[in-house]
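Open the model in your viewer and show it as a cartoon. The tour below goes from one selection to the next.

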Amino acid sequence: MLRSSQPLTGPNRKRCREDEMLLGTVLDEGERGFIIDTRSAQAAKQARMTGGGTEPKSSYPRWRRLHRPLERGRPLQESFIKLVEACNDTSINMDRWLSRLESCRWLSHVKAALSTACLAAQCMDREEASVLVHGAEGTDTTLLVTALAQVILDPFCRTLVGFQGLLEREWIEAGHPFHLRCARSAYSHARLKQEAPLFLLFLDCVWQLSRQFPFSLEFGEHLLLTLFDNAYASDYGTFLCNNEKERCLCKVKESTHSLWAWLNQPGEKKKYLNPLYSHNALVIWPSVEPQSIQLWQGLFFRWIRSSQYLDEAWAEIERLVEGN
């Protein structure tokens with residue numbers, strides 16, 4: 001699996017021989033690959049007017065392009081804000097709640113992200129084909145798809161250490177602009193143009209996987225909630241800045257502590273482990289049927305509903321597992 005930004009074909013349909021040669025060398029003789037573009041065909045076509053575009057079939061004859069549009073900007077942020085507002089409104093009746101939940105479209109974004117990740121995983125696992133994933137810049141929906149596909153395919157990425165490595169590789173080092181995307185929370189009155197909860201959407205999708213496969217992920221919901229908190233406000237430097245260049249200029253590693261070092265302390269690590277975990281070497285294929293996608297109550301209801309009983313239940317499960 002490869003990832004990239006969009007090719008810069010522009011309105012004059014420029015070619016890049018080096019790109020064509022690079023993708024050509026990925027495929028063995030007789031093999032075909034898939035390009036998954038996380039923009040609509042129309043959006044990719046419009047991007048040519050500003051210098052971008054997508055791979056022309058004539059220049060990449062052994063690659064099949066598939067468009068799977070995923071929201072990444074203002075619509076996704078507005079969806080997040082509307083969901084939080086609906087979750088915090090305890091005065092509405094059932095019909096009104098269901099209507100607002102549907103209108104915010106957050107669960108539709110979760111379904112779309114999981115569906116696209118499953119497509120990438122199926123191309124690799126069942127077709128045994130190479131896959132290139134990209135959107136516009138390759139730092140938003142591209143990372144969402146490649147990271148989720150690896151959780152689905154690779155059992156190591158479902159371990160605590162492997163998942164941390166995945167986040168470091170696919171989100172931090174790959175240049176997801178955390179400073180811009182997580183500048184404000186859903187409670188902010190500001191509407192910054194660059195805001196978008198892509199990383200939260202990824203965490204929500206991983207939570208859906210953990211709910212559908214409760215024994216297959218070594219970490220639990222508490223880790224996902226901690227990652228969400230630290231992406232928006234943190235005592236650590238792991239999610240600071242927008243890319244590696246900025247982190248080097250700001251000397252983040254020299255002047256801050258790592259979130260991973262804190263999480264991996266023996267006393268802390270235990271809090272994030274799933275007591276029901278059992279190594280599963282198989283690919284985990286999630287259901288993306290509407291009935292299977294659920295609202296992440298542990299996150300979206302955390303400020304209005306106590307988690308006391310759930311915490312007590314997990315403590316009892318841990319006690320029983322340790323007793324055996």
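What follows is a walk through one sheet of a predicted model, strand by strand.

Begin with residues 1-300, where UniProt, in an unreviewed entry, places the feature "domain: Myotubularin phosphatase". Over this range the chain is 49% helix and 6% strand, and the C-alpha atoms at the two ends lie 33 Å apart.

Next, colour the sheet. It is open and has four strands in the order 1-4-2-3, with parallel pairing. Strand 1 (2-4) and strand 3 are the edge strands, each pairing on one side only. On average, neighbouring strands are turned by 20° against each other, direction ignored.

Now select strand 2, residues 33-37, and turn on side chains. Is this strand mostly covered or mostly open? It is mostly covered, with five of its five residues buried. In a regular strand, side chains alternate between the two faces of the sheet. Here Gly-33, Ile-35 and Asp-37 point one way, while Phe-34 and Ile-36 point the other.

Add strand 3, residues 63-67. Strand 2 pairs with strand 3 in the parallel sense over five bridges. Look for Gly-33 opposite Trp-63, and for Asp-37 with its bridge partner His-67. To get from strand 2 to strand 3, follow the chain through helix 2 (residues 41-47); this β-α-β crossover is right-handed.

On to strand 4, residues 131-134, which pairs with strand 2 in the parallel sense over four bridges. Phe-34 stands opposite Val-131 of strand 4.

Finally, select helix 5, residues 106-125. This helix packs on the sheet and touches strand 2, strand 3 and strand 4. The direction of helix 5 makes about 170° with that of strand 2.

Conventions: Residues numbered from 1 in each chain as written. Predicted model: local features only at pLDDT ≥ 70, side-chain atom pairs only at ≥ 80, totals over all residues. Heavy atoms only, no water. UniProt positions renumbered as here; feature names shortened; annotations may be inferred. Buried < 20%, exposed > 50% of the residue type's maximum accessible area, 1.4 Å probe, protein only. Pairing = 2+ DSSP bridges. Right-handed = clockwise from strand over helix to strand, strands pointing away. Axes fitted to C-alpha atoms, helices over the stretch in contact; angles between N-to-C directions. Contact = heavy atoms within 4.5 Å.
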